[in-house]
Amino acid sequence: MNKEGIDGGNTTTGLVFETKTDLKTLLNGIKNYRVDKDNNIFYKEKLVGMIFVKNGLYKFLEKNNVNWHDYLSKKLLPDDSIYVILNNTFYVIECKYQQVAGSVDEDLQMCDFKKKQYKRLLAPLNFEVEYIYILNDWFKKPEYRDVLAYIHSVGCDYYFNYIPLQRLGLPIEN
């Protein structure tokens with residue numbers, strides 16, 4: 001599905017998210033992709049990116065002599081994140097699944113703040129930052145029209161259940 005919720009794509013051109021599915025598992029299931037034990041992403045055996053889960057980002061920052069305390073007052077722990085070498089971009093991917101109304105509604109309105117925080121944190125590495133939500137069909141309801149518009153208005157993005165590899169700057173088969 002694309003961000004408008006229309007069926008499309010398959011596992012050779014994108015990642016289909018389900019509850020509790022992570023990037024490593026998804027990428028390892030795609031032809032010519034391999035994610036090693038250190039979460040390095042290879043496409044046709046060429047290093048194309050790195051996956052960071054929770055505190056993995058902070059270990060990476062430490063290796064690169066970036067003290068997160070110099071930039072943030074509190075750690076940010078994304079559901080999943082990926083650094084794509086090919087376009088020098090760090091993608092924060094937050095999966096939001098809802099079946100009843102609740103606190104996730106307010107979480108969606110935090111993308112602007114969090115994207116700015118990640119930009120501050122990653123500025124010493126000169127990374128671009130993108131913030132993307134993967135939402136389930138619950139958020140297709142009319143009452144989410146305003147918040148979905150807001151997400152785009154502040155330079156963040158969302159998709160329903162699926163994200164194209166191309167959106168992440170990752171290679172796809174011709």
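Which residues point one way from strand β3, and which the other way? N40 and F42 take one side of β3 (residues 40-43). I41 and Y43 take the other. All are buried. In a regular strand, side chains alternate between the two faces of the sheet. Note that this is a predicted model.

**β3 and its partners**

Strand β3 pairs on two sides of the sequence. Strand β2 (residues 33-35) runs antiparallel to β3, and three bridges join them. Here Y33 stands opposite Y43. Strand β4 also runs antiparallel to β3, with four bridges between the two. In that pairing, N40 of β3 has M50 as its bridge partner in β4.

Each pairing is a hairpin, and a residue with positive phi is found in each. The table sets them side by side.

| Hairpin | Residues between the strands | Residue with positive phi | Phi |
|---|---|---|---|
| β2 and β3 | four residues | N39 | near 65° |
| β3 and β4 | two residues | K44 | near 50° |

**Nonpolar cores**

The largest nonpolar core has 34 residues. Within this core, L57, L61 and F90 have the most contacts. Both helices and strands supply it. The elements giving two or more residues are β4 (46-52), α2 (56-63), β6 (89-96), α4 (111-122), β7 (128-135), α5 (145-153) and β8 (157-160).

What is F90 in contact with, leaving aside its neighbours within four places in sequence? The list includes F52 and L57. It also holds S81, I82 and Y83. Y118 and L122 are in contact with F90 too. F127, E128, V129 and E130 complete the set.

Another core, of 21 residues, lies apart from the largest one. Among its residues are Y43, V84, I93 and I132. Y43 is the β3 residue that stands opposite Y33 of β2.

**Cysteines**

How many disulfides does the structure hold? Zero. C111 is in no disulfide, and its nearest cysteine sulfur, that of C156, is 3.4 Å away. C156 is likewise in no disulfide, with the sulfur of C111 nearest at 3.4 Å. A disulfide needs the two sulfur atoms within 2.5 Å, so this pair does not count as one.

Are these two cysteines buried or exposed? C111 is buried, with a relative accessible area of 0%. C156 is buried as well, at 5%.

Terms used: Residues are numbered from 1 along each chain as its sequence is written. This is a predicted model: local features need pLDDT of at least 70, side-chain atom pairs count only at pLDDT 80 or more; totals for chains, interfaces and linings use all residues. Side-chain values use heavy atoms; hydrogens and water are left out. Buried means under 20% relative accessible area, exposed over 50%, partly exposed in between (1.4 Å probe, protein chains only). A nonpolar core is a set of buried Ala, Val, Leu, Ile, Met, Phe, Trp, Tyr and Cys residues joined through side-chain atoms within 4.5 Å. Contact means heavy atoms within 4.5 Å. Two strands pair if DSSP finds at least two bridges between them.
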